[in-house]
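Welcome! Please take a moment to look over the sequence and turn the structure around on your screen. Then read on for a short guided tour.

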Amino acid sequence: VANAIVLVDAINQQRDAGVALEEAIQAAAAQRLRPILIAVGVLLTLTGFLWIGQGLGYVRWPQSSFMIAQRQWADYGSALAVGGLLLILLGRRLRR
């Protein structure tokens, strides 16, 4: 809810500055999307690193709580970490 209020406020501020409605919506959405992409990217990256650590044996969890092998945890973790880093890079490339 708070993000929607901030988004509408950013659109109204740009409209008051004389920007067309469509341009104001696009600019405000890009401005609000950046922190969301970076936050999701960080969470994915940290989760991926945790899974890589479990897959390589650095993080010890009970073996009975997981149904896949350690190698698969490392593979899934690396995919998550790469996806998270890509989201962070995408978020940083968006204009402020």
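## Starting at a glycine

With a relative accessible area of 10%, G55 is buried, because buried means under 20%. You will find G55 in helix α2. Before we go further, please keep in mind that this is a predicted model.

Who touches this glycine? Setting aside neighbours within four places in sequence, G55 is in contact with Q70, R71, W73 and A74. Try another distance too: G55 and S78 are separated by 23 residues in sequence, while their C-alpha atoms are 10.0 Å apart in space.

## The chain as a whole

Now zoom out. The chain has three helices and zero strands, and from the N terminus on its elements run α-α-α. Helix α2 covers residues 21-56, and helix α3 covers residues 70-93.

How much of the chain counts as buried? Of its 96 residues, 23% do. The chain exposes about 6900 Å², and 64% of that is supplied by carbon and sulfur atoms.

Contacts tell us about the fold as well. Take the contacts between residues at least 6 apart in sequence: 55% of them join residues at least 24 apart.

## A buried arginine

Back in helix α2 you can find R34. This arginine is buried, yet R34 has no salt bridge. Where is the nearest side chain of opposite charge? That side chain belongs to D9, and it is 17 Å away. A salt bridge needs the two charged groups within 4 Å, so D9 does not form one with R34.

R34 does have a polar atom to point out. A polar atom of the R34 side chain lies 3.1 Å from the backbone oxygen of G91. Another residue to look at here is L90, in helix α3. L90 and R34 are 56 residues apart in sequence, but 8.2 Å apart in space from C-alpha to C-alpha. As for its own surroundings, L90 is partly exposed, because its relative accessible area is 43%.

## Another buried residue in helix α2

Next, look for T45, which also has its place in helix α2. Is T45 buried or exposed? T45 counts as buried, because its relative accessibility is 6%.

Leaving out residues up to four places away in sequence, T45 touches L80, A81, G84, L85 and I88. Try selecting these residues on your screen to see the contacts for yourself.

## A nonpolar patch on the surface

Finally, let us visit the surface. Which residues make a nonpolar surface patch of about 220 Å²? The answer is L33, I36 and V40.

One of these, V40, lies in helix α2. V40 counts as partly exposed, because its relative accessibility is 38%. Compare the two residues on your screen: V40 is partly exposed, whereas T45 is buried.

Notes. Residues are numbered from 1 along each chain as its sequence is written. This is a predicted model: local features need pLDDT of at least 70, side-chain atom pairs count only at pLDDT 80 or more; totals for chains, interfaces and linings use all residues. Side-chain values use heavy atoms; hydrogens and water are left out. Helices (H or I, at least four residues) and strands (E, at least two) are DSSP runs, numbered from the N terminus. Buried means under 20% relative accessible area, exposed over 50%, partly exposed in between (1.4 Å probe, protein chains only). Lys and Arg count as positive and Asp and Glu as negative; His and the chain ends are not counted. A polar contact is a pair of N or O atoms within 3.5 Å; within protein, one must be able to donate a hydrogen and the other to accept it, and residues adjacent in sequence count only if both atoms are side-chain atoms. Patches are made of residues with over 30% relative accessible area and no salt bridge: like charges are joined within 9 Å, nonpolar side chains (Val, Leu, Ile, Met, Phe, Trp, Tyr) within 5 Å. Accessible areas come from the Shrake-Rupley method with a 1.4 Å probe; for residues, only the protein chains shown count as cover. Contact means heavy atoms within 4.5 Å.
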